[in-house]
Amino acid sequence: MYNENYETDFTERAWDSLYSVVDHTYFRDQDAHLIYEALEHRLKYISFGEYLKRYIYRKAEFTVPYEQISLKEYQAIIRDSFADNHTPASFTATTAKLSALSKNWLTQQTVRRKVVFLLGFGLAMSEEEVNEFLTKALREQGINAKNPFEVICWYCYKNHYNFLKFQKLWASYHAIPVDSSGIKDADWERTINIRRNILSVTNDFTLIQKLYEMKLQDREKPLSVTARKYFYVLYNEARKIVAQLYNQDEQEKQNAALRDYINMLERNDRLSDHEKQKRILERRKQRKVYQYEDITESDMEHILCSSIPVDRHGNLTPGKASKLNEQFAGKRFSRQHIREILSGKTEINRFDLITLNFFIFSQNPVYDGHSKKRYVEFLQSMNKILESCYLAPVYTANPYECFILMCILSDDPLGTYADVWELSFDSTF
């Protein structure tokens, strides 16, 4: 039996790649080059289709090697399973054939979130399996306790109900009358309280009660309050660090300029010593001191994307020019992306939180010369944040996250991070 086939164990392969890099004899001197080579040749982006194939392969308990299973065989399994579980090709009416849709699911880089929930019914997944697809295959948050649709799906998975039961419950939800009088905001504002309430559901009656409360509170809004809270904490901490870096640079520039100014005054015989000292004091007061409020989205881009080439307008070179575009797509902390987050136009993803926390740990002098301690404490901190946001822990099978862990283990994490980005745009490498 090939259920433990190495080719389908993405996590094991990723850990092997990480250790082969950080345990390399020359990692201390050639960290960026070794990391780049691992990303380019061993840490490929794993598509949704690959995750789906791996899941079906293991569940079907094939006795032949993974690579010998054809696409048509996977499609046939999906078709038969959907029929057995009374699941249609879509949650809404569609003219598309399941054969065509399943081929797309098995070959696409990513899919819409609702596809995972449909597969949950069609392939008779457990709630844990659906959550794994959401957090690992889509790199999104797990089942959302604030979303009535996802709550009903979760309830069905938990109790092994099929799609027909889902349809009845979904119809019941839509039949709930909306009466906004007497709404109480209290406990339903916090995600943790919402999850606690939902987990207490044990039967259809209590489920409908909770759905009624959710409908009154308009709980279908997608933005995560918890993730946004953590983003602002990390973002402002990062801004404080950038302000300190700017002040250090400013101090060095001021000291150099002041030395030149003092030398010039010393050569001026027409000024008294008192006047010279007065002018020196005035010059010292002119030094700009940065506060974290002074740090803009452009400043953050300048620090975290310092090695990415820019065009003549000062905009970052398109990601497709990078040889690691597949692994790093959507991971650049650009000023445009930050502005969209701050304005509420886009959701905060796990990579935003990981990148900010990485930057904060990379600049903490406590870890100078103690890279392993930095790695352990970063991982603990990061997993606590992600789990609080109902996102999966750091996942090494994701190339960008494995990249971050390798950088954290280097002597100069931010420098190594920048060097790898630079190598990805270097056509001669």
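# Notebook: poking around a predicted model

**Thr 135.** I started with Thr 135, which is found in helix α7 (residues 127-137). Note to self: this is a predicted model, not an experimental one. I looked up how covered Thr 135 is: its relative accessibility is 11%, so it counts as buried, the cut-off being under 20%. Next I checked what its side chain does. A polar atom there lies 2.8 Å from the backbone oxygen of Asn 131. I then listed the contacts of Thr 135, skipping neighbours within four places in sequence, and got Glu 140, Gln 141, Gly 142 and Ala 392.

**Positive phi.** I went looking for positive phi values outside glycine. Glu 61 has one, at about 55°. I found Glu 61 in the loop between α3 (48-60) and α4 (71-84). Is Glu 61 buried or exposed? Neither, really: with 45% relative accessibility, it counts as partly exposed. Ala 124 also has a positive phi, near 50°. This residue sits in the loop between α6 (113-122) and α7. Ala 124 comes out as partly exposed because its relative accessibility is 44%, and that class runs between 20% and 50%.

**The big core.** Which residues have the most contacts inside the largest nonpolar core? I noted Phe 48, Leu 52, Trp 105, Leu 353 and Phe 403, in a core of 123 residues. Helix α12 (residues 225-266) gives the largest share of this core, 10 residues. That fits something from class: in soluble globular proteins, nonpolar side chains tend to be buried together. I picked Leu 52 for a closer look. Leaving out residues up to four places away in sequence, Leu 52 touches Ile 78, Trp 105, Leu 106, Leu 119, Leu 123 and Phe 133.

**Aromatic rings.** I counted aromatic pairs and the total came to 34. For Phe 403 and Tyr 417, the ring centres are 5.4 Å apart and the planes are at 20°, so I wrote the pair down as stacked. Phe 403 belongs to helix α19 and Tyr 417 to helix α20 (residues 413-424), with their positions 14 residues apart in the chain. I checked their cover as well, and both Phe 403 and Tyr 417 are buried. I also jotted down one aromatic cluster, formed by Phe 91, Phe 117, Phe 121, Phe 149, Tyr 157, Phe 163, Phe 166, Trp 170 and Tyr 173.

**Two helices crossing.** I looked at α18 (residues 371-388) and α19 (residues 399-408), whose axes come within 8 Å and cross at roughly 145°. On the α18 side, the contact uses Ser 371, Arg 374, Tyr 375, Phe 378 and Leu 379, and on the α19 side Ile 404, Leu 405 and Ile 408. I sorted these contact residues into 6 nonpolar, 1 polar and 1 charged.

**A mostly covered helix.** In α14 (residues 297-304), I found 6 of the 8 residues buried. The buried ones are Glu 297, Asp 299, Met 300, Glu 301, Ile 303 and Leu 304.

**Arg 28, to finish.** Arg 28 lies in helix α2 (residues 27-41). Its relative accessible area is 62%, and I call Arg 28 exposed because the cut-off is over 50%. What does the side chain of Arg 28 make a polar contact with? I found the side chain of Asp 411, at 2.7 Å. Arg 28 and Asp 411 are 383 residues apart in sequence, yet their C-alpha atoms are 7.0 Å apart in space.

Technical notes:
Residues numbered from 1 in each chain as written. Predicted model: local features only at pLDDT ≥ 70, side-chain atom pairs only at ≥ 80, totals over all residues. Heavy atoms only, no water. Buried < 20%, exposed > 50% of the residue type's maximum accessible area, 1.4 Å probe, protein only. Helix = DSSP H or I, 4+ residues; strand = E, 2+ residues; numbered from the N terminus. Axes fitted to C-alpha atoms, helices over the stretch in contact; angles between N-to-C directions. Contact = heavy atoms within 4.5 Å. Nonpolar A, V, L, I, M, F, W, Y, C, P; charged D, E, K, R; others polar. Core = buried A, V, L, I, M, F, W, Y, C linked by side-chain atoms within 4.5 Å. Polar contact = N/O pair within 3.5 Å; in protein donor to acceptor, adjacent residues only side chain to side chain. Phe/Tyr/Trp six-rings, centres within 6.5 Å; stacked < 30°, edge-to-face > 60°.
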